[in-house]
Amino acid sequence: MVHKEEAEELPEEIILNIFSRLPVKSLIRFTCVSKRLRSIILLDPKFAESQIKAARRQKTLNRILLSNAPKPLRVPSDRPPSEEPSSVKKPPHVNLLGSCNGLVFVAVGEKLFYIYNPSTGLLKQLPDRSFSSHQNYYVYGVGYLSATDDYKVLVASTHIHKHEIFMFSLRTHVWERIESHSSNIVPDVTDVFDQQGTLFSEVLHWLINDDFLINYELVCFDLAKEVFRRMELPFGILTNNSTKIGAGFVEGACVYQIFVLTLFICGS
Amino acid sequence: MSTPAENEASIKQESGPSGTVQDKPKKIVVRTGDGEVFELKEEVAMEMETIKTFFMEDNISYETVMPLTNVDSWELVKVIEYCSKYVELKNKENFHKELKAFQDEFVKSMSPKTLLSLSNVANYLEIKYFLDFICQAIADHIKSKDVEYVRELFGVENDFTEEEYEMAKTEAPWAHENLDKDLY
């Protein structure tokens, strides 16, 4: 058999096809092969997606549990238990800001932020950011913008009529304060059903219900345009204390499921 | 524009009065980079998207010899072997079981460099299932190898400085333990 020139490099897409089939331990080791491979393995969303798909096929997807209770992050099962990420030994409070393309964004305590990749078990710290009020007053969310190949993290609050909106872009790697003006109507955390926004089509959504309103409203944050907007939902509903409310997305459509004794669905 | 069916008919006519042309299985002819000419069964050739597109898109006559400049003859032999088997087993009941047995035998004595060459060919000829199979075989081979082995195998240059490499390594030292001791 005649091989072509010895020094011939394999096209990157083939290398990534091969890498996406590797177990976690090997992947982590091969982040030391070259800078480019390191950045792809750790941060590229397409690679993360292909790796998760391959892992699912092989049924080797590790189960990770993240909780809002003051517990440390549980790490992938094929890592020795003594090797917990040293920067997260005993976190005071872990808040899951959101996850996207296999990457999980986490706030620990009052000002620490991390990206966690459950497939590789690696934790990357983001720049610190302290906010003026407690994290329980914030709404937040995470999304990926395909046009700029960027991840953005939103943390926003309305507290005693004071707006505070911060955006973190992975590309610029800084927290930026977004000026609040009338079109930036930050939802009050007491009105939302879930602090974490639901991502759909590069927009974060929160279902809100002012105690005095029978109608529900949808507050959206456009990650690309960096503005909030509100939408009234075209139906009204009477609730009592035992009603469970939730918002979610069924693939391909924006649908809200509201559990009122029996399930019904409204489209928007 | 004539459809492939009409095209086939015109080929049969062009073949002339050489007898039972209708019964003859259609063949596609290709020439590899090292100058060898291969006759492929149409059903096997059509497993390769690159060949399929070449003939189907512009309704090129099957009499044309398609050049496969990036493929060596030994590589094509292996590809034909795999695809023929795949087509043969495709509609059988124990498809997966029999394919697995064939796959194990197929890669048995292949060197990593051979597998890499085949992955390139699978990519060029656009045979998805063959590419996936070869990539899986390579992944299985390298999973317990060290960083240097992978660099050499894929021809990737180390652009870390010594310190950067050591720092990266210390992030997860356990990932660098218990590896195959290998002769390059």
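Let me start with a crossing in chain B, where α5(B) passes α7(B) in a right-handed sense, and please keep in mind throughout that this is a predicted model. Helix α5 covers residues 95-107 of chain B and helix α7 covers residues 128-142, and the two pack at an angle of about 60°, with their axes 12 Å apart. Since angles that are neither under 35 degrees, nor over 145, nor from 65 to 115 count as oblique, α5(B) and α7(B) are therefore oblique to each other. If you would like to find the place in the structure, look for Gln103(B), Phe106(B) and Val107(B) on the side of α5(B), which meet Phe130(B), Phe133(B) and Ala137(B) in α7(B).

Now, α7(B) has another partner to consider, namely helix α6, residues 112-125 of chain B, and here the axes come within 9 Å and cross at roughly 155°. That angle makes α6(B) roughly antiparallel to α7(B), because the cut-off for that description is over 145 degrees. The crossing of α6(B) and α7(B) is left-handed, and the contact is made on the α6(B) side by residues including Pro112(B), Leu115(B), Leu116(B) and Ala122(B), and on the α7(B) side by residues including Phe130(B), Leu131(B), Ile134(B) and Ala137(B). You may recognise Phe130(B) and Ala137(B), which were also among the residues of α7(B) that meet α5(B).

Stepping back to chain B as a whole, we have nine helices and three strands, and read from the N terminus on, these elements run α-β-β-α-α-β-α-α-α-α-α-α. Of the 184 residues in chain B, 43% are buried. If we take the contacts in chain B with a separation of 6 or more, 59% of them are between residues 24 or more positions apart.

Let us turn to chain A, and to a residue that brings the two chains together, Ser34(A), which sits in the loop between α2 (24-29) and α3 (35-43) of chain A. Is Ser34(A) buried or exposed? Its relative accessible area is 4%, so Ser34(A) is buried, given that the cut-off for that word is under 20%. Leaving aside residues up to four places away in sequence, Ser34(A) touches Val156(B), Glu157(B), Asp159(B) and Phe160(B), while its side chain reaches the backbone nitrogen of Leu37(A) at 3.2 Å.

Two cysteines of chain A are also buried, with Cys32(A) at 0% relative accessibility and Cys100(A) at 8%. How many disulfides does the structure hold over all chains? The count is zero.

Helix α1 of chain A, residues 12-19, is mostly covered, as six of its eight residues are buried. Those buried residues are Ile14(A), Ile15(A), Leu16(A), Asn17(A), Ile18(A) and Phe19(A).

I will finish with backbone angles, where the background is that most residues other than glycine have a negative phi. Asp149(A), by contrast, has a positive phi near 50° without being a glycine, and it lies in the loop between β5 (138-145) and β6 (150-159) of chain A. His173(A) is likewise not a glycine and has a positive phi of about 60°, and its place is the loop between β7 (162-169) and β8 (174-178) of chain A. As for accessibility, Asp149(A) counts as partly exposed at 35%, and His173(A) is partly exposed as well, with a relative accessible area of 28%.

Terms used
Residues are numbered from 1 along each chain as its sequence is written. Chains are lettered from A and ligands numbered from 1 in the order in which they are written. This is a predicted model: local features need pLDDT of at least 70, side-chain atom pairs count only at pLDDT 80 or more; totals for chains, interfaces and linings use all residues. Side-chain values use heavy atoms; hydrogens and water are left out. Helices (H or I, at least four residues) and strands (E, at least two) are DSSP runs, numbered from the N terminus. Buried means under 20% relative accessible area, exposed over 50%, partly exposed in between (1.4 Å probe, protein chains only). A polar contact is a pair of N or O atoms within 3.5 Å; within protein, one must be able to donate a hydrogen and the other to accept it, and residues adjacent in sequence count only if both atoms are side-chain atoms. Contact means heavy atoms within 4.5 Å. A disulfide is a pair of cysteine sulfur atoms within 2.5 Å. Axes are lines fitted to C-alpha atoms, for helices over the stretch in contact, and angles run from 0 to 180 degrees between N-to-C directions. A crossing is left-handed if the near helix is turned anticlockwise from the far one by less than a right angle, and right-handed if clockwise.
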